[in-house]
Amino acid sequence: LLSADFDVMKSPESKLKISSCLPNFQHIFRLGEANTIFHLHNTNAVLVSMLYPGDVFSVKHLQMVKGMSGFGWDDTLEIPIVENRATEDGISELILETLNKGFKADCILIRRHGLYTWGSSWKQAKIHAESLDWIFKVVLEMKKLGIES
C-alpha cells in the first residue's frame, strides 16, 4: 500500500514484493497527467530502439500517430530513448531527466528493453500502446523495404 507521496505504508505479503519499476512509475505519475502507466516489453519497440541511434525516435505521416494524445497527421511524433541499465530502478534518474525535457509524447523507449506509455485512463493508455506497436511495426517493415521513415 502506497501513500499519495508513494511512501510504502504496507508491504505486500511475504511472497510478493514491490516492483523495481516503482521509481519509474512515481516519476511518470508525478507529471500529473497519468492515471494509468503500461510498462511493455514489446518486441517492435525493442527493435526500433536498436535501429535508431541517438536519444530520439521521430516519425511523421503515419496514420496511427493520431492515436497518440495531442498528435495529428502533420505532427512529428518524437519519442525519447533512454539507455537501459541492469535493473529497472537503475534507469530511474534517466527517466526523470527525460521527463523534465518536456517531450509531448506520452511514452519513453528504453533501448533493448521496451517502453513506458501512459494516459489519463486505462483506455487512453491502451490506445497509446496499440498505436505505438502499429507505428513500430510499420517503421520496421519500411526499413526492410528501404523506405525512409
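These are my notebook entries on aromatic rings, charges over rings and one strand in this structure.

**Entry 1: the model.** Before looking anything up, I noted that this is a predicted model.

**Entry 2: aromatic pairs.** I looked up the ring pairs and found that the structure holds three of them. For Y52 and F57, the ring centres lie 5.0 Å apart and the planes stand at 80°, so I wrote this pair down as edge-to-face. I then followed F57 onward and found that F57 also pairs with F136, again edge-to-face, with 5.7 Å from centre to centre and 70° between the planes. This second pair links distant parts of the chain, since F57 belongs to strand β2 (residues 56-60) while F136 belongs to helix α4 (residues 122-145), and the two are 79 residues apart. Taken together, the ring pairs link Y52, F57 and F136 into a cluster.

**Entry 3: burial of the cluster.** Are these rings buried or exposed? Y52 has a relative accessible area of 13%, which falls under the 20% cut-off, and therefore I entered Y52 as buried. F57 is buried as well, with a relative accessible area of 0%, and F136, at 1% relative accessibility, also counts as buried.

**Entry 4: charges over rings.** I next checked which charged side chains sit over rings, and I came back to a member of the cluster: K143 lies over the face of Y52, at 4.8 Å from the ring centre. Elsewhere I found the charged end of K104 over the ring of F71, at 4.6 Å from the centre of that ring.

**Entry 5: strand β5.** How many of the residues of strand β5 (residues 114-119) are buried? I found that six of the six are, so the strand is largely enclosed by the rest of the structure. Looking at the two faces separately, I saw that both are covered, with G114, Y116 and W118 buried on one side and L115, T117 and G119 buried on the other.

**Entry 6: partners of β5.** Which strands pair with β5? Strand β1 (residues 36-40) runs antiparallel to β5 and is joined to it by five bridges, and within this pairing I noted that I37 stands opposite W118. Strand β4 (residues 107-110) also pairs with β5 in the antiparallel sense, over four bridges, and here the bridge partner of I110 is G114. Finally I looked at the turn of the β4 and β5 hairpin, which has three residues between the strands, and there I recorded that R112 takes a positive phi near 65°.

How values were computed. Residues are numbered from 1 along each chain as its sequence is written. Side-chain values use heavy atoms; hydrogens and water are left out. Rings of Phe, Tyr and Trp (its six-membered ring) pair if their centres lie within 6.5 Å; planes under 30 degrees apart count as stacked, over 60 as edge-to-face and the rest as tilted. Buried means under 20% relative accessible area, exposed over 50%, partly exposed in between (1.4 Å probe, protein chains only). A charge sits over a ring if NZ of Lys or CZ of Arg is within 6 Å of the ring centre and within 35 degrees of the ring normal. Two strands pair if DSSP finds at least two bridges between them.
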